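Biologist: I'm new to this one, so let me ask the plain questions about what the labels rest on. Could you put the structure up and go through it with me?

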Amino acid sequence: MFGNTMSNTPHGQRGKMSIQPMGAGSKKPWPEGTIEDWQQGASYGWLADKYGRSYSTVVKLVRRAKEMGTKRVEITSSRRRGGRLALSGQKPLSYGHHSIGIRLNKFREIDHAFTYQEMADQIRVNRLTVRKMELGLHDFTVRELQSLASVMSTSIEELMRPFAS
């Protein structure tokens, strides 16, 4: 998958570390192997190290290949790229958190037509925190529950009461 290779560049830099991209590693010689490795996702710097050419020479070769219609291989995956799941794709922490979120959303949107920012200003939290609260993804502090209960003119117990099933 990944392999570390030590390289001696033509400019005499010894000991430069380079990481082989996944899928790259053509056995073909310059220039065919360079294009094949580039199509598999190799960087210009890695290609220059592997084939003992200057960075600018590799860039020119790839530019010519692109002009002739060569494209990189698209790596498709069902997994979402990037670190975190979207908020809408996450599950609430608990039924209680979700219940508070539903009450908060009703209060904010239906009863008072507040924006996230207006609600956040009232309970002294970040706008994104209000969104997470409504989705049941935020673990409340006692201060936040007190602020919510105060702003919504209710008690903490009523705020946390589960919905009748």
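Modeller: Sure, and keep in mind that this is a predicted model. Let's begin with Ala-120, which counts as buried because its relative accessibility is 0% and the cut-off for buried is under 20%.

Biologist: Where is Ala-120 found, and what does Ala-120 touch, not counting residues up to four places away in sequence?

Modeller: Ala-120 sits in helix H5. Leaving out residues up to four places away in sequence, Ala-120 touches Val-125, Asn-126, Arg-127 and Val-130. Ala-120 and Arg-131 are eleven residues apart in sequence, and their C-alpha atoms are 9.3 Å apart in space.

Biologist: Let me step back to the whole chain. Which elements does the chain have, and how do they run from the N terminus on?

Modeller: There are eight helices and two strands. From the N terminus the order is β-β-α-α-α-α-α-α-α-α. The chain has 165 residues, and buried ones make up 30% of them. The accessible surface comes to about 11,200 Å², with 53% of that belonging to carbon and sulfur atoms.

Biologist: How do you know how confident the predictor is in the chain?

Modeller: From the pLDDT, which runs from 0 to 100. The chain averages 80, and 79% of the residues score at least 70. Over residues 1–15, though, the pLDDT is below 50. That stretch still has 31 contacts in the model beyond near neighbours in sequence.

Biologist: What makes a set of residues a nonpolar core, and which members of the largest one touch the most other members?

Modeller: The members have to be buried residues of certain nonpolar kinds, joined through side-chain atoms within 4.5 Å. The largest such core has 15 residues, and Leu-104, Met-119, Ile-123, Val-130, Met-133 and Leu-148 touch the most other members. Helix H4 (95–111), helix H5 (116–123), helix H6 (127–135) and helix H7 (142–151) each give two or more residues to this core.

Biologist: Which residues is Met-133 in contact with, leaving aside neighbours within four places in sequence?

Modeller: Met-133 is in contact with His-97, Gly-101, Leu-104, Ile-123, Val-125, His-138, Phe-140, Glu-144 and Leu-148. Apart from this core lies another one, of eleven residues, including Trp-46, Ala-48, Leu-61 and Val-62.

Biologist: Now Tyr-44. Why is Tyr-44 called partly exposed?

Modeller: Its relative accessible area is 22%, and partly exposed lies between the 20% and 50% cut-offs, so Tyr-44 gets that label. Tyr-44 is in helix H2 (residues 44–51). Not counting residues up to four places away in sequence, Tyr-44 touches Trp-38, Tyr-55, Val-58, Val-59, Val-62 and Lys-66. The C-alpha atoms of Tyr-44 and Thr-34 are separated by 9.3 Å, and the two residues are ten apart along the chain.

Biologist: How do you know that the side chains of Lys-28 and Glu-36 meet in a salt bridge?

Modeller: Side chains of opposite charge can pair when their charged atoms come close. For Lys-28 and Glu-36 the N to O distance is 3.0 Å, and the cut-off is within 4 Å, so the pair counts as a salt bridge. Lys-28 is partly exposed at 44% relative accessibility, and Glu-36 is partly exposed at 28%. A search of the whole structure finds six salt bridges.

Biologist: What makes Asp-111 and Lys-106 another such pair?

Modeller: Their side chains meet at 3.2 Å, N to O, which is within the 4 Å cut-off. Asp-111, at 41% relative accessibility, counts as partly exposed, and so does Lys-106, at 43%.

Biologist: And which parts does the pair of Arg-108 and Glu-134 tie together?

Modeller: The closest N and O atoms of Arg-108 and Glu-134 are 2.5 Å apart. Arg-108 lies in helix H4 and Glu-134 in helix H6, so the salt bridge ties together parts that are 26 residues apart in sequence. Both residues are buried. Arg-108, Glu-109 and Glu-134 are linked in a network of salt bridges.

Biologist: Last one: which residues form a nonpolar patch on the surface, and why is Phe-163 called partly exposed?

Modeller: Tyr-95, Ile-102 and Phe-163 form the patch, with about 280 Å² of accessible area together. Phe-163 lies in the segment after helix H8 (156–160). Its relative accessibility is 32%, between the 20% and 50% cut-offs, so Phe-163 counts as partly exposed.

Methods
Residues numbered from 1 in each chain as written. Heavy atoms only, no water. Buried < 20%, exposed > 50% of the residue type's maximum accessible area, 1.4 Å probe, protein only. Helix = DSSP H or I, 4+ residues; strand = E, 2+ residues; numbered from the N terminus. Contact = heavy atoms within 4.5 Å. Patch = residues over 30% accessible without salt bridge, like charges linked within 9 Å, V, L, I, M, F, W, Y side chains within 5 Å. Areas by Shrake-Rupley, 256 points an atom, 1.4 Å probe, with all protein chains shown as cover.
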